[in-house]
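Subject: Structure for you to look at

Hi,

Here is the structure I promised to pass on. Could you open it alongside this note and follow the residues as you read?

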Amino acid sequence: MKKIKGSCLCRNIVFEISNECRYSVLCHCTMCQKSNAEFSNYTKVKKENLKFIHKKNLKWFHSSKNFKRGFCSNCGSSLFFQSRSSNEEIAISSGSLDRKVPVKGHIFYKDKKSNLSFPKMHRKFPQSAQGFFDQFIYKIK
Ligand SMILES: [Zn+2]
């Protein structure tokens, strides 16, 4: 059953991802700091690998010119990050998933606010450019 289920806190939004996803990446950008916490943790899937089971409370906030963030309008969970011009891929908050997608590294590390230190195995990537992480595919077991 190569799937991982995910949901918001109140479970009004429930979904599952299947087959494969990108390894998780910790994002330290100042927008994620406001929206999530001192850093966020996102995986990413192709749209054919994401299936919604419930999504009646899913709302989108246009957080910048090119991107939008999806959240639950009932419980406030921040769940998704997506390009406003394409729905081919969607980033998903790894914390919303019921199983772990291992972390591979960091983006926007220069904006890091957290005083936590991280394992050396977590690489610092320079940017979050589209397609940059396509080589880091995690096969869902
Ligand atoms: Zn909710």
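Below is what turned up, going from the sheet to the core and then to a few backbone oddities. Keep in mind that this is a predicted model.

Let's start with the sheet. It is an open one of eight strands with mixed pairing, and the order across it is β7-β8-β9-β10-β5-β4-β11-β12. At its edges are β7 (58-61) and β12 (123-124), each of which pairs on one side only. Further in, β5 (residues 40-46) runs antiparallel to β10 (residues 89-93), with five bridges between them. If you want a spot to check that register, V45 has I90 of β10 as its bridge partner.

There is also a hairpin to look at, made by β1 and β2, with five residues between the strands. Strand β1 (residues 3-7) is antiparallel to β2 and joined to it by five bridges; I4, for instance, is bridged to I17 in β2.

Now the core. Which residues have the most contacts inside the largest nonpolar core? They are C27, Y42, L79 and I92, in a core that has 24 residues. The strands β2, β4 (24-27), β5, β8 (67-72), β9 (78-83) and β10 each put at least two residues into this core. Nonpolar side chains do tend to be buried together in soluble globular proteins. Y42 is a good place to centre your view: leaving aside neighbours within four places in sequence, Y42 touches S24, V25, C27, F81, A91, I92, S93 and S94. Two of those contacts, C27 and I92, are also on the list of residues with the most contacts in the core.

Last, the backbone. Most residues other than glycine have a negative phi, so these are worth a glance:

- R11 has a positive phi near 65° and belongs to the hairpin of β1 and β2.
- N19 is not a glycine, yet its phi is positive at about 70°. You will find N19 in the loop between β2 (13-18) and β3 (20-22).
- F108, also not a glycine, has a positive phi near 55°. F108 sits in the loop between β11 (103-107) and β12.

Are N19 and F108 buried or partly exposed? N19 counts as partly exposed because it has 13 C-beta neighbours inside 10 Å. F108 has 22 such neighbours inside 10 Å and therefore counts as buried.

That's it from me; have a look when you get a moment.

Cheers

Technical notes
Residues numbered from 1 in each chain as written. Predicted model: local features only at pLDDT ≥ 70, side-chain atom pairs only at ≥ 80, totals over all residues. Pairing = 2+ DSSP bridges. Helix = DSSP H or I, 4+ residues; strand = E, 2+ residues; numbered from the N terminus. Buried ≥ 20, exposed ≤ 12 C-beta atoms within 10 Å, placed from the backbone. Core = buried A, V, L, I, M, F, W, Y, C linked by C-beta atoms within 7 Å. Contact = placed C-beta atoms within 7 Å.
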